[in-house]
Amino acid sequence: MRTVHSILAAFVLIALAMVVFNAVMSLKRDEQFKNGDRKLGLIAFILSHTQFLIGLITYYVSPWYKTLKNVGMGKAMKDADVRLFTVEHPLIMILAIVLITIGWSKHKKATDDKAKYKKFIVFYGIAFVLILSRIPWSQWFH
Ligand code: HEM
C-alpha cells in the first residue's frame with residue numbers, strides 16, 4: 001500500500017503542476033477554455049482523490065499509527081517525525097484535496113473562460129504548494 005501511495009504521489013504532483021501551468025499559459029494567451037483543459041483538471045481531481053483514499057489505508061496500516069497509539073497524542077506531537085506522519089501530512093493533504101474539490105466545482109460554475117482558468121490557478125495552485133510543503137522528502141524513494 002505504501003508503494004502505491006508513493007508512486008501515485010508522483011502522478012498527483014505532475015498532474016497538478018500541468019493543470020496550473022496550462023491554466024497560466026492559456027490565460028496569458030487569452031485562449032478559450034477547451035475540453036482538454038477540463039479533462040486535465042478532471043484527471044488531477046481523480047488522481048488526488050484516489051491518493052486520499054489510499055492514504056487513509058496507508059495511515060492505518062503504517063507503523064506511524066501504531067506509534068501514535070502506543071505513545072499517545074501528547075508525546076506524538078513532540079516528536080517531529082511522528083507528528084509529520086500522523087498529524088501534519090494527513091491534515092494538510094486532506095485540506096489540499098478539499099481545495100481541489102472546491103476549485104473543480106467553482107470552475108464548473110464559472111461561465112467566463114478566464115474565470116475558469118483562474119479557479120484552477122488559485123485552488124489547484126494552493127493545493128499544490130500545500131502538498132509540496134508536507135511531503136516527507138527525506139523518506140520518499142529511499
Ligand atoms: C495528495 C495527497 C497525498 C500525497 C501527494 C501524499 C504523498 C506521500 C508521499 C510522497 C509519502 C512518502 C512515501 C514513501 O515513503 O515512499 C507519503 C507517506 C505517507 N502518507 Fe501520504 N500523501 C497524500 C495523502 C495522504 C493522506 C490523506 C494520508 C492519511 C490520511 C496519508 C498518509 C501517509 C502515511 C501514513 C505515510 C507514511 C507511510 C509509511 O512511512 O509507512 N497521505 N505520502
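Helix 2 gives the largest share of the shell around the ligand, with 6 residues, in a model that is predicted. The ligand itself sits in the largest pocket, and the elements that each give two or more residues to the shell around it are helix 1 (2–28), helix 2 (35–61), helix 3 (63–76) and helix 4 (80–109).

Sorted by class, this shell has 13 nonpolar, 8 polar and 1 charged residues. Of the 22 residues around the ligand, those that come nearest are Arg 2, His 5, Trp 64, His 89 and Gln 139.

Several of these residues place polar side-chain atoms by the ligand, and the table sets out three such pairs.

| Residue | Ligand atom | Distance |
|---|---|---|
| Trp 64, polar side-chain atom | oxygen atom | 3.1 Å |
| His 89, side-chain N or O atom | nitrogen atom | 2.8 Å |
| Gln 139, polar side-chain atom | oxygen atom | 2.5 Å |

The ligand also carries an iron atom, which is coordinated by the NE2 atom of His 5 and the NE2 atom of His 89, at 2.0 Å. These two histidines come from distant parts of the chain, His 5 lying in helix 1 and His 89 in helix 4, with their positions 84 residues apart in the sequence. What geometry does the site of the iron atom have? The site is octahedral, with 6 donor atoms and angles among them of 86 to 179°. His 89 thus appears in two descriptions of the ligand surroundings, as a residue whose NE2 atom coordinates the iron atom and as a residue with a side-chain N or O atom 2.8 Å from a nitrogen atom of the ligand.

Turning to the protein chain as a whole, the model holds 5 helices and 0 strands, and the pattern read along the sequence is accordingly α-α-α-α-α. The C-alpha trace of the chain spans about 55 × 25 × 20 Å along its principal axes. Within this helical chain, helix 1 and helix 4 supply the two histidines that coordinate the iron atom, while helix 2 supplies 6 residues of the shell around the ligand, and helix 3 is also among the elements that give two or more residues to that shell.

Methods. Residues numbered from 1 in each chain as written. Predicted model: local features only at pLDDT ≥ 70, side-chain atom pairs only at ≥ 80, totals over all residues. Heavy atoms only, no water. Near = heavy atom within 4 Å. Polar contact = N/O pair within 3.5 Å; in protein donor to acceptor, adjacent residues only side chain to side chain. 1 Å grid on protein atoms, 1.4 Å probe; cavity = no way out; pocket = protein on both sides within 12 Å on 5 of 7 lines; lining within 4 Å. Sits in = over half its atoms within 2 Å of the grid points. Helix = DSSP H or I, 4+ residues; strand = E, 2+ residues; numbered from the N terminus. Nonpolar A, V, L, I, M, F, W, Y, C, P; charged D, E, K, R; others polar. Donors = N, O, S within 2.8 Å, 3.2 Å for Na, K, Ca; no water. Tetrahedral: all angles 85-135°; square planar, octahedral: opposite > 155°, others 65-115°.
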